[in-house]
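Q: Please give a close look at a single part of this model, and then set it in the context of the rest.

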Amino acid sequence: MIHSKIIGTGSYLPAKVVTNYDLEKIVDTTHDWIFSRSGISERHVAAEGEMSSDLAFQASSRAIEAAGLNANDIDLIIVATTTPDHIFPSTACVLQDKLGIKSAIAFDIQAVCSGFIYALNTADLYIRGGQARNVLVVGTEVLSRILNWEDRTTCVLFGDGAGAVVLQRSDKPGILGAKLHADGSQRCMLSATGQISNGKINGEPFIKMDGQGVFKFAVKSLSEVAEEVLAENKMQGADIDWMIPHQANIRIIEATAKKLGLGMDKVVLTVATHGNTSAASIPLALDTAVRDGRIKPGQHLLMEAVGGGFTWGAALIRW
Ligand code: UT7
């Protein structure tokens, strides 16, 4: 039977760090408020002119190197992003060119903060369907570009970054399963509705969020989808070695871990130093824990995310 397995990870954070104390100088906020409500201390912000594809290039190069492959071994590139370089071409096509990959399928996925889970599931299906062998799956964001830096309810929460994995066809299961959901009727709770038409921006170009609404939705949907993917694989919270959650808010992560009966010592946390990097947050956290040696062969990982759309999902992995 054909399966898919992650054989390399990589990530990249822009050089510039913005601390909560820096934000105190821009908006009416405090480090204590931000840290106590979200668990965030600092975030990285892309330099002027640094695009999603630039961050993706760095993360992807590291993932391909860790996988022991050459860029031209990649036959499918899937980029999850809410902040693409352009309306078109896709960021995946720009990345393909930057990596010097001559021949591949390349496309973007837009599922906001759940984008990486959606992309990973798509890649797994391509491999199991026999249409791809080595897939580059990337989450990359320059969310700083769609933040209103005068809106304290949003600008303190998000950051820029990229994470990537190489998924390879395998005889043994790596991706054990994934469950995805969407509910477009909830789309107004978290959105950036702006679009370009006839050369003008129509609608709201910055992120708008009903924080409390998102919080409640996230806690409920994440534990439900995690239970769903575990049950489908006849597993329980106790079987999980590492939970690698979307890094939006420490309180959401704690609530989800508690519902699954998982101690916080089994959760990979990067929210304090990365903030919410949307589609990039899970592969960034994964790469952190792979490179520091926490994640070991044979262990079971649970990834889960929720985001605008609304979209949410979870994936179960044997490392
Ligand atoms: O990937 C998914 C994306 N988003 C999320 O996951 C976000 C989910 N939601 C959250 O993380 C939390 O709801 C927030 C961190 C956004 C907010 O925390 P909260 O405990 O729900 O605070 P709140 O919205 O109830 O606001 C409490 C107070 C309000 O003042 P009043 O009305 O009580 O006087 C806000 O105006 O805090 C005020 N406030 C701030 N104060 C200082 C809002 N933003 C700030 C700020 N600094 N940055």
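**A loop residue and its setting**

A: Asn 276 is buried, having a relative accessible area of 6% (buried is under 20%, exposed over 50%, partly exposed in between, with a 1.4 Å probe and protein chains only). The model is predicted, with local features requiring pLDDT of at least 70 and side-chain atom pairs pLDDT 80 or more, while totals for chains, interfaces and linings use all residues. Residues are numbered from 1 along each chain as its sequence is written, and side-chain values use heavy atoms, leaving out hydrogens and water.

Asn 276 sits in the loop that runs between helix 9 (271-274) and helix 10 (281-291) (helices are DSSP runs of H or I with at least four residues, strands E runs with at least two, numbered from the N terminus). Within this loop, the side chain of Asn 276 comes to 2.8 Å from the backbone nitrogen of Ser 278 (a polar contact pairs N or O atoms within 3.5 Å; within protein, one must be able to donate a hydrogen and the other to accept it, and sequence neighbours count only if both atoms are side-chain atoms).

Another asparagine belongs to the ligand site. The side chain of Asn 249 places an N or O atom 2.6 Å from an oxygen atom of the ligand. Two arginines also reach ligand oxygen atoms: a polar side-chain atom of Arg 37 is at 2.9 Å, and one of Arg 251 is at 3.1 Å. The ligand has 950 Å² of accessible area on its own, and the protein covers 73% of it (Shrake-Rupley method, 1.4 Å probe). Around the ligand there are 22 residues, the closest being Thr 29, Arg 152, Gln 212, His 246 and Asn 249 (a residue counts when one of its heavy atoms lies within 4 Å).

Burial also describes two cysteines. Cys 113 is buried at a relative accessible area of 7%, and Cys 155 is buried at 0%. A search of the whole structure returns zero disulfides (cysteine sulfur atoms within 2.5 Å). For Cys 113, the nearest cysteine sulfur is that of Cys 155, 16 Å away; likewise, Cys 155 has the sulfur of Cys 113 as its nearest, at 16 Å.

A contrast with buried Asn 276 is offered by Ile 196, which is exposed at a relative accessible area of 53%. Ile 196 lies in strand 10, spanning residues 195-197.
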